[in-house]
Amino acid sequence: MEDYDIVNPKPDALVPGLRDIGYNIESAVADIVDNSVTADSRNIELEFNWAGEGSWIAVVDDGIGMDRDVLKDAMRVGSKSPLETRHINDLGRFGLGLKTASFAICKSITVF
């Protein structure tokens with residue numbers, strides 16, 4: 001077996017790079033809404049509050065939800081391989097959408 005090192009990314013360098021990945025507000029919100037669709041939501045509400053630095057966007061749905069472990073994995077950059085078998089309704093591919101879309105337009109992500 002070869003000798004190798006594990007090199008973890010530096011979040012303070014990675015996140016700003018992900019912010020500049022090419023999203024605009026419309027594509028970022030659409031990517032996040034895709035997660036609601038994948039979660040079998042029947043109702044999806046978007047709320048926008050434009051207040052300069054205090055602005056926020058909420059995507060609220062009635063989907064199946066996530067337990068703590070699933071949520072932690074969902075917040076991991078690159079949480080799914082594109083080679084994994086997925087449910088037919090899963091619109092994701094790389095496990096990046098929630099994070100990259102949020103990083104592109106927000107300074108923080110809160111999941112309730």
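What does the protein chain average in pLDDT, and what share of the residues score at least 70? Hi everyone, let me start there, since this is a predicted model. The average pLDDT comes to 81, and 79% of the residues score at least 70. Confidence varies along the chain: among its elements, strand E1, residues 44-49, has the highest mean pLDDT at 96, while helix H1, residues 11-19, has the lowest at 72. As a general caution, predicted coordinates should not be read in detail where pLDDT is low.

Now the overall layout. The protein chain has four helices and two strands, and if you follow the sequence the pattern reads α-α-β-β-α-α. There are 112 residues, and buried ones make up 18% of them. The accessible surface of the chain is about 8700 Å², with 54% of that belonging to carbon and sulfur atoms. As for contacts with a separation of 6 or more, 44% of them join residues that are 24 or more positions apart.

Let's go to the strands. How do E1 and E2 pair, in the parallel or the antiparallel sense? The pairing is antiparallel, over six bridges. One of the partnerships links Glu 45 to Val 60 in E2. Together E1 and E2 make a hairpin with six residues between them, and in that turn Gly 52 shows a positive phi of about 60 degrees.

While we are around the hairpin, look at the aromatic residues. The count of aromatic pairs is one. That pair is Phe 48 with Trp 50: the ring centres are 5.8 Å apart and the planes meet at 25 degrees, so the pair counts as stacked. The two residues fall into separate accessibility classes. Phe 48 is partly exposed because its relative accessibility is 40%, whereas Trp 50, at 59%, is exposed.

Next, please find Val 59, which sits in strand E2, residues 56-61. Its relative accessible area is 27%, so Val 59 counts as partly exposed. Which residues does Val 59 touch, once those up to four places away in sequence are set aside? The answer is Ile 32, Val 33, Ser 36, Ile 44, Glu 45 and Leu 46. For Ser 36 we also have a C-alpha separation: 8.3 Å from Val 59, with the two positions 23 residues apart along the chain.

That brings us to the loop between helix H2, residues 25-38, and E1, where Asp 40 is found. Asp 40 is worth a look on screen: its phi is positive, about 60 degrees, although Asp 40 is not a glycine. Its relative accessibility is 46%, so Asp 40 counts as partly exposed.

Ala 39 belongs to that loop between H2 and E1, and so does Ser 41. Are they buried or exposed? Ala 39 is buried, because its relative accessible area of 17% is under the 20% cut-off. Ser 41 is buried too, at 16%.

What covers them? Leaving out neighbours within four places in sequence, Ala 39 is in contact with Gly 63 and Ile 64. The C-alpha atoms of Ala 39 and Ile 64 are separated by 5.4 Å, although the residues are 25 apart along the chain. With neighbours left out in that way, Ser 41 is in contact with Ser 36, Asp 61, Asp 62 and Gly 63. Ser 41 also has a polar side-chain atom 2.8 Å from the backbone oxygen of Ser 36. So Gly 63 appears in the contact lists of both Ala 39 and Ser 41.

Last stop: helix H4, residues 97-105. How many of its nine residues are buried? Seven are, so the helix is mostly covered. The buried ones are Leu 98, Lys 99, Thr 100, Ala 101, Ser 102, Phe 103 and Ala 104. Let me pick out Ser 102, which lies in this helix. Its relative accessible area is 5%, so Ser 102 is buried. Beyond residues up to four places away, Ser 102 touches Ile 32, Gly 97 and Ile 109. You may recall Ile 32 from earlier, as one of the residues that Val 59 touches. So Ile 32 is touched both by Val 59 from strand E2 and by Ser 102 from helix H4.

That's my tour. Thanks for listening, and do rotate the model yourselves!

Conventions. Residues are numbered from 1 along each chain as its sequence is written. This is a predicted model: local features need pLDDT of at least 70, side-chain atom pairs count only at pLDDT 80 or more; totals for chains, interfaces and linings use all residues. Side-chain values use heavy atoms; hydrogens and water are left out. pLDDT is the predictor's confidence in each residue, from 0 to 100. Buried means under 20% relative accessible area, exposed over 50%, partly exposed in between (1.4 Å probe, protein chains only). Contact means heavy atoms within 4.5 Å. Two strands pair if DSSP finds at least two bridges between them. A polar contact is a pair of N or O atoms within 3.5 Å; within protein, one must be able to donate a hydrogen and the other to accept it, and residues adjacent in sequence count only if both atoms are side-chain atoms. Rings of Phe, Tyr and Trp (its six-membered ring) pair if their centres lie within 6.5 Å; planes under 30 degrees apart count as stacked, over 60 as edge-to-face and the rest as tilted. Accessible areas come from the Shrake-Rupley method with a 1.4 Å probe; for residues, only the protein chains shown count as cover.
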